[in-house]
Amino acid sequence: MNTINKILLAIGLLASVVACKHSADTIGHNNDKISQRVDSLLNLMTLEEKIGQTVLFTSRWDVTGPVLREGEEDAIKTGKCGNIFNAHTVEYTRKLQELAVNETRLGIPLLFGYDVIHGHQTLTPISLGESASWDLKLIEKSARMAAREAAASGLHWTFAPMCDIGRDPRWGRVSEGAGEDTFLGEQIAAARVRGFQGNDLSQTNTILACVKHMAAYGASLAGRDYNSVDMSDRVLRETYLPPYKAAIDAGARTVMTSFNDLDGVPASANRYLLTDILRDEWGFDGMVVTDYTAINELIPHGVAKDEYEAGVLAMKAGVDMDMEGGVFMDHLKEAIENGEISEEELNNAVRNVLRLKFELGIMDDPFKYCNVVREREEVLSEKNRETAYEMAVASCVLLKNEANVLPLKKDEKVAVIGPLANSKRDLLGSWKAAGKPQAVEATILEAITTNAAKGKVHFVKGCDVNTEDRSGFSKAIQAAKNADKVVMVMGEKWNMSGEAACRTKLDLPGVQTDLISQIAQLNKPVILVYMTGRSMTIEKEVEAVDAVMNVWYPGTEGGRAVADLLYAKQIPSGKLTMTMPRNVGQIPIYYNYKNTGRPFNPEKPKDTYKSRYLDVENTPLFPFGYGLSYTTFAYSKLLLDKNTMNQGGELNITVDVTNTGDYDGSEVVQLYIRDHVASVTRPLKELKGFEKVFIRKGETKTIRFAITEDMLAFFRQDMSFGTEPGTFTVFVGADSDTQNQVEFTLLNQ
Ligand code: BGC
């Protein structure tokens with residue numbers, strides 16, 4: 001008897017609850033029918049088989065293809081490892097699935113996970129870039145596309161979205177998040193979950209989302225990866241937790257712990273985070289997986305003396321699955337036999353894992369994600385490439401455009417200079433999943449060449465990203481002299497941000513700045529196309545050149561997208577989601593800071609004893625929410641329908657936005673609120689609404705926002721969540737610096 005039949009029969013015998021089809025058993029609900037099936041199966045399982053379901057191992061890839069670490073194939077066959085990550089393609093996942101299904105006693109299928117962060121093989125821009133689109137529908141569409149491709153390659157589960165708030169660009173992983181803002185982070189987290197999971201997990205084109213990293217990983221001290229985090233409960237709850245919660249409220253079925261400790265307790269041993277908040281307060285009924293070997297790391301963290309102790313701490317805290325560490329595999333049995341963990345505690349973890357396998361439908365059909373024809377048609381399809389292109393266009397941020405030096409004209413002679421201009425690999429960014437440089441059809445240089453008239457483009461690399469070699473300067477300078485305009489494609493290489501890629505200097509690496517300044521002296525219009533995974537300190541460069549376009553790592557179709565923007569086939573519409581500092585000393589710098597008791601007044605710069613630096617302004621180089629277009633927008637008629645709000649009430653605010661320039665274009669209209677007096681200090685401004693709106697040239701659109709009482713709520717001095725009456729200012733404008741404002745009062749009734 002084949003093992004699928006084995007398991008079906010076994011479950012069917014124990015409980016007459018097996019209705020093979022459960023496509024209505026969808027997302028996030030403790031579905032009765034599934035719970036019964038889970039419990040029936042659990043009753044059949046030995047202790048060892050249960051423990052196997054809490055184990056997740058990586059498959060290792062080398063140049064010749066995927067190979068499992070020695071012993072892992074056996075671990076699958078013997079039921080010691082019930083889940084695998086870093087394996088994909090239908091062929092390979094089928095091969096591993098067959099081991100689990102055919103060779104283990106109960107034939108419980110494996111769950112296949114992978115870091116599908118910004119696309120699977122068709123890559124969209126890095127997540128920070130996507131966030132700069134401020135386009136929630138498009139972000140959802142991008143995640144949907146990634147899910148379709150990943151699922152078509154045999155995957156069930158992505159380790160995304162990363163919902164860590166990033167206020168410190170030294171931390172390389174800001175590239176994987178949605179920037180510095182909590183409200184925007186919440187919206188984007190939810191959009192990504194909707195995209196990955198769709199509304200029916202049993203469909204073969206949806207995958208499980210994983211909210212990571214719980215919690216506050218983005219606040220690692222001094223921007224150094226894996227470092228400690230220490231913050232007040234107020235900041236944790238107000239700033240860092242809401243995006244994880246928003247993702248869970250959107251139905252995310254799994255959560256990953258973070259590497260850091262928080263208030264002295266590493267996340268993977270942190271019961272306050274994983275049980276009190278996640279399960280008891282938020283009602284999460286999905287599965288908690290650790291980050292890579294995070295249980296083992298409880299030892300160097302200094303809270304466990306050995307793996308045994310680490311395993312006990314992790315399970316007691318609320319961990320269900322051990323990623324790669326093998327601690328649960330090696331020590332849970334003994335811990336249960338010693339009575340340090342009850343079998344019921346293990347059962348709960350196993351239930352959380354098995355429930356997902358039922359929800360996906362792989363318990364009924366373990367090979368439902370293994371369709372070679374679908375894989376062939378879906379991966380890198382034209383449709384997916386178009387989504388990647390659309391996303392890349394929407395994510396680029398035009399930071400400067402003096403004298404309208406952009407867009408380029410077809411007939412202009414262009415010198416393209418810079419180490420990143422002709423690179424395919426760099427377009428893909430750090431988490432490229434299964435993406436391959438060969439799938440990139442055009443580099444930025446190649447796409448510029450396609451846009452320009454024949455013979456008008458001359459490329460010179462000029463320098464490397466990160467060496468001191470200046471031998472290419474003279475050729476680059478010569479090319480610039482012969483050109484009408486110079487496009488310099490520079491920044492960080494793909495591996496200079498992302499995990500374990502933190503930096504203390506955020507200037508352009510190597511001799512790139514030197515080359516920019518030498519070329520800027522030629523008095524030719526210079527455009528800097530700036531590739532990055534974080535906010536960098538490029539004040540000098542911005543001053544030296546005429547235009548700057550921040551293109552992040554724009555993905556498989558990024559070359560075409562960037563060139564089309566440079567030639568105005570597309571119009572820039574992205575806006576920063578992370579403040580750009582003037583220098584590293586200003587970090588952490590973000591828009592929603594507090595006033596302090598001694599705020600600096602720029603009109604009285606000589607005042608001493610004010611909250612300021614002696615050597616740099618308080619202001620950033622570019623604020624959160626900032627970005628230009630080739631057209632211009634004017635804001636007028638900011639009107640509130642009432643100037644008082646009752647408790648539980650609502651106000652309406654409208655603003656007219658007119659496209660006053662020469663191109664049709666999109667504007668991100670942003671709404672910020674300030675609470676003037678409260679029982680605790682409040683930020684000077686907080687984003688509470690936004691709308692990306694397309695406006696034709698000459699056209700005016702009236703944008704309306706509703707302001708509800710919950711938008712004014714915060715953690716009061718006693719940590720209760722709610723509002724306090726008083727005066728509020730509403731700002732509506734083009735970025736977080738806007739002073740376009742009106743006031744209202746929240747009444748005490
Ligand atoms: C990262 C996670 C990732 C995991 C699996 C870890 O090092 O922190 O974000 O999902 O590896 O690849």
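A residue is counted as near a molecule when one of its heavy atoms lies within 4 Å of that molecule. In this predicted model, 13 residues stand around the ligand, and those that come nearest are D115, R173, K212, H213 and D291. Two of these nearest residues also take part in short polar approaches to the ligand: a polar side-chain atom of R173 lies 2.7 Å from an oxygen atom of the ligand, and an N or O atom in the side chain of H213 is likewise placed 2.7 Å from a ligand oxygen atom. For E499, an N or O atom of the side chain is found 2.8 Å from an oxygen atom of the ligand. Taken alone, the ligand would expose 310 Å², and the protein buries 94% of that area.

The strands of a sheet pair through backbone hydrogen bonds, and this pairing may be either parallel or antiparallel. Both kinds of pairing occur in the two sheets described here, of which one has parallel pairing and the other antiparallel pairing.

The parallel sheet is open and consists of 3 strands in the order 7-8-11. Its edges are formed by strand 7, which covers residues 210-214, and by strand 11, which covers residues 287-289, each of them pairing on one side only. From one strand to the next, the twist of this sheet averages 25 degrees. Strand 8, made up of residues 254-257, pairs with strand 11 in the parallel sense over 3 bridges, and within this pairing T254 stands opposite M287 of strand 11. Helix 9, comprising residues 233-249, packs on the sheet and touches both strand 7 and strand 8, and the direction of the helix makes about 160 degrees with that of strand 7.

A further helix, helix 8, spans residues 182-197 and includes T182. With a relative accessible area of 11%, T182 is buried, since this term applies to values under 20%. When residues up to four places away in sequence are not counted, T182 touches I165, E238, T239, P242 and P243.

The antiparallel sheet is also open, with 3 strands in the order 19-21-24. Strand 19 and strand 24 stand at the edges and have a single partner strand each, so that one side of each is left without a neighbour in the sheet. On average, and with direction ignored, neighbouring strands of this sheet are turned by 20 degrees against each other.

Strand 21, which runs over residues 650-659, has 7 of its 10 residues buried and is therefore largely enclosed by the rest of the structure. With strand 19, formed by residues 633-640, strand 21 pairs in the antiparallel sense over 6 bridges, and one of the residue pairs in this arrangement joins F633 to its bridge partner N659 in strand 21. With strand 24, formed by residues 700-708, strand 21 pairs in the antiparallel sense over 9 bridges. Among the bridge partners in this second pairing are A706 of strand 24, which is matched with N652, and T702 of strand 24, which is matched with D656.

Notes. Residues are numbered from 1 along each chain as its sequence is written. This is a predicted model: local features need pLDDT of at least 70, side-chain atom pairs count only at pLDDT 80 or more; totals for chains, interfaces and linings use all residues. Side-chain values use heavy atoms; hydrogens and water are left out. Two strands pair if DSSP finds at least two bridges between them. Helices (H or I, at least four residues) and strands (E, at least two) are DSSP runs, numbered from the N terminus. Axes are lines fitted to C-alpha atoms, for helices over the stretch in contact, and angles run from 0 to 180 degrees between N-to-C directions. Contact means heavy atoms within 4.5 Å. Buried means under 20% relative accessible area, exposed over 50%, partly exposed in between (1.4 Å probe, protein chains only). A polar contact is a pair of N or O atoms within 3.5 Å; within protein, one must be able to donate a hydrogen and the other to accept it, and residues adjacent in sequence count only if both atoms are side-chain atoms. Accessible areas come from the Shrake-Rupley method with a 1.4 Å probe; for residues, only the protein chains shown count as cover.
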